[in-house]
Amino acid sequence: MSGKYTNVPYGFEPAAPTRKGTLVFYDSFQHVTDEQLERAAAILDTRSFKQLVLYPLHESTVKRMSRDAVQSFYQREDRLHEWRRDHSSLPIRVEGLEGKRKKYTPIDSALRHVQTEYAAPLFLYMTAEMANLWASFDSFTEWIKQVRLIVDGQPGEMHPKLEQYRHRWEWAV
């Protein structure tokens with residue numbers, strides 16, 4: 001036998017992991033400020049998530065979802081990588097799926113990808129505008145039952161479906 005195996009005392013149970021789940025910040029990151037990124041990082045730390053995943057949207061995805069003009073994907077992605085390097089002590093990752101696809105990616109496909117790649121439970125961190133936009137999609141009712149939502153923004157007019165599923169989301173503090 002090689003040195004791979006060691007003796008373990010009878011009844012030994014490994015310590016339970018102290019960090020669970022993944023916090024996914026889903027946005028175009030066109031108008032997201034450093035303060036909003038800092039709030040997401042603070043939630044990562046206070047709630048003991050395994051990691052924070054920044055999920056920037058491709059230009060074609062943003063145009064289909066909101067008809068807004070945005071900077072190129074790589075400019076927004078570079079800004080996120082720079083912010084991540086400034087916070088190297090935290091487990092932060094910038095998801096590059098949309099950069100690889102280089103085309104429209106529906107939120108359903110993005111959530112399925114995130115669900116298979118990252119540790120459960122999943123928490124989505126969105127701005128109030130993005131949360132209202134997501135609630136207007138048909139698939140919202142299926143996904144809100146599988147993920148939790150943290151909304152960053154000022155309390156105000158929320159989509160009726162968000163009000164209906166109020167117990168599945170909360171405001172970022």
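**Reading charges on a predicted model**

Guide: With a relative accessibility of 49%, E82 is partly exposed (buried is under 20%, exposed over 50%, partly exposed in between; 1.4 Å probe, protein chains only). This is a predicted model, in which local features need pLDDT of at least 70 and side-chain atom pairs pLDDT 80 or more, while totals for chains, interfaces and linings use all residues. Residues are numbered from 1 along each chain as its sequence is written, and side-chain values use heavy atoms, without hydrogens or water.

Visitor: Where is E82 found?

Guide: In helix 3 (73-86); helices are DSSP runs of H or I, at least four residues, and strands are E runs of at least two.

Visitor: Which residues gather in the negative patch?

Guide: A patch joins like charges within 9 Å, from residues with over 30% relative accessible area and no salt bridge. Here E35, E38, D78, E82 and D86 gather on the surface. Helix 3 gives the largest share, 3 residues, and helix 1 (34-46) supplies at least two.

Visitor: And how many salt bridges does the structure hold?

Guide: A salt bridge puts a Lys or Arg side-chain nitrogen within 4 Å of an Asp or Glu carboxyl oxygen, and there are 5. One of them pairs R39 with D152 at 2.8 Å, N to O. That links helix 1 to strand 5 (residues 148-152), 113 residues apart.

Visitor: Are R39 and D152 buried or exposed?

Guide: R39 is partly exposed at 31%, while D152 is buried at 4%.

Visitor: What does E59 form a salt bridge with?

Guide: R76, with the closest N and O atoms 3.8 Å apart. E59 lies in helix 2 (residues 59-66) and R76 in helix 3, so the bridge ties parts 17 residues apart in sequence. R76 is buried, at 1% relative accessible area.

Conventions: Patches are made of residues with over 30% relative accessible area and no salt bridge: like charges are joined within 9 Å, nonpolar side chains (Val, Leu, Ile, Met, Phe, Trp, Tyr) within 5 Å. Accessible areas come from the Shrake-Rupley method with a 1.4 Å probe; for residues, only the protein chains shown count as cover. Lys and Arg count as positive and Asp and Glu as negative; His and the chain ends are not counted. The place of a charge is taken as NZ of Lys, CZ of Arg, CG of Asp or CD of Glu.
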